[in-house]
Amino acid sequence: MIQQDVTAYGKDNIFDYDNFIILNYYPKRIMELLGTGFEKKNCLELGIGHGYTARLFSEKFDNYTVIEGSKEVIQKFRKENSDLKINIVKSYFEDWSANQQMYDVIILGFVLEHVDNPVEILRQYKEYLTEKGRMFIAVPNAEALNRRIGIAAGVLNNLEELSQNDILMGHKRYYKLETLRSDVKKAGLKILREEGIFMKAMTTGQMVELKLSENIMKGYLETAREYPELSCALLMEVRADSDSAILG
């Protein structure tokens, strides 16, 4: 079950700059990958987090539901987004059941790094995908370029080291591309696409001071797609693997 401090989702967080870029980008990228025709479909998202994704997806899907385990996070979101009419269900991910409802799109954006058993979560929610349904997974990348540089600079002890901010936000792990692939396959899911989200070669503070142009930021985002192993986060599109279901 997720353990998180609601204060980590405030505007004063040191990594709000990164969050703003990444969490505004990847839901738009998901809609781009889905293409036309998905607007009328059913969408399920796990977690409210900072609230960026909920605003976009609530506008894009006619039937959109969010599962969130924290009463405080829900209250904060409702207060800051009183104009949005979103079906938010208070439940831990492990305890929730779809009650025969199936979903065309299921989104696990920066969720798996929080939970005790990510493979079981993937297996559980795979069962709620329609036959042609798609699941999108986003996780922080342990092997990001900036973390690799941090090792060489002596700032980090190892690539999977959790910072104080990670702990505050309830993170239990960083992912590598190979470990995400492994968890996805263990859960009986087939990988359709894998991309990177955002790339940076300096600290957040340095990026803020440089006041980089919109075109440069776009370059960091679009370049990251082709180099997931160097990007700040990983984005994966998957579906239920029929072969794995047959093998049982």
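## Strand E7 and its partners

In this predicted model, proline 140 stands opposite alanine 233, a residue of strand E7. The pairing of E5 with E7 is antiparallel and extends over six bridges.

Strand E7, which covers residues 233–240, is also joined to E6 by eight bridges, and these two strands run antiparallel. Within that pairing, lysine 190 has arginine 239 of E7 as its bridge partner.

## The sheet as a whole

These strands belong to an open sheet of seven strands, arranged in the order E3-E2-E1-E4-E5-E7-E6, and the pairing is mixed. The edges are formed by strand E3 (87–90) and strand E6 (189–197); each has a single partner strand, so one side of each is left without a neighbour in the sheet. From one strand to the next, the twist averages 20 degrees. In general, the strands of a sheet pair through backbone hydrogen bonds, in either a parallel or an antiparallel manner.

## From E4 through H4 to E5

Strand E5 comprises residues 129–140, and six bridges join E4 to E5 in a parallel arrangement. One point of this pairing is glycine 109, whose bridge partner in E5 is alanine 138. The chain passes from E4 through H4 to E5, and the resulting β-α-β crossover is right-handed.

Helix H4 spans residues 118–126, and seven of its nine residues are buried, so the helix is largely enclosed by the rest of the structure. The buried residues in H4 are Pro118, Val119, Ile121, Leu122, Gln124, Tyr125 and Lys126.

## Helices H2 and H1

Helix H2, residues 52–60, lies across three strands: E1 (42–46), E2 (63–68) and E4 (103–109). The helix runs at about 160 degrees to E2.

Helix H1, residues 16–34, contains asparagine 19. With a relative accessibility of 14%, asparagine 19 counts as buried. When neighbours within four places in sequence are left aside, asparagine 19 is in contact with Asn24, His50 and Tyr52.

## Two residues with positive phi

Most residues other than glycine have a negative phi. Asparagine 99, which is not a glycine, nevertheless has a positive phi of about 50 degrees. This asparagine lies in the loop between E3 and E4. Asparagine 99 is exposed, with a relative accessible area of 64%.

Phenylalanine 110 likewise has a positive phi, near 55 degrees, and is a residue other than glycine. Phenylalanine 110 is located in the loop between E4 and H4. At 18% relative accessibility, phenylalanine 110 counts as buried, the limit for that class being under 20%.

## Overall dimensions and surface

The protein chain contains ten helices and seven strands. For 248 residues, a compact globule would have a radius of gyration near 18 Å, and the value for the protein chain, 18 Å, agrees with this. Along the principal axes, the C-alpha atoms fill a box of roughly 50 × 45 × 35 Å.

Of the 248 residues, 50% count as buried. The accessible surface of the protein chain amounts to about 12500 Å², and 49% of this belongs to carbon and sulfur atoms. Among contacts between residues at least 6 apart in sequence, 74% join residues that are at least 24 apart.

How values were computed
Residues numbered from 1 in each chain as written. Predicted model: local features only at pLDDT ≥ 70, side-chain atom pairs only at ≥ 80, totals over all residues. Heavy atoms only, no water. Pairing = 2+ DSSP bridges. Helix = DSSP H or I, 4+ residues; strand = E, 2+ residues; numbered from the N terminus. Axes fitted to C-alpha atoms, helices over the stretch in contact; angles between N-to-C directions. Contact = heavy atoms within 4.5 Å. Rg over C-alpha atoms; globule rule 2.2 N^0.38 Å. Buried < 20%, exposed > 50% of the residue type's maximum accessible area, 1.4 Å probe, protein only. Areas by Shrake-Rupley, 256 points an atom, 1.4 Å probe, with all protein chains shown as cover. Right-handed = clockwise from strand over helix to strand, strands pointing away.
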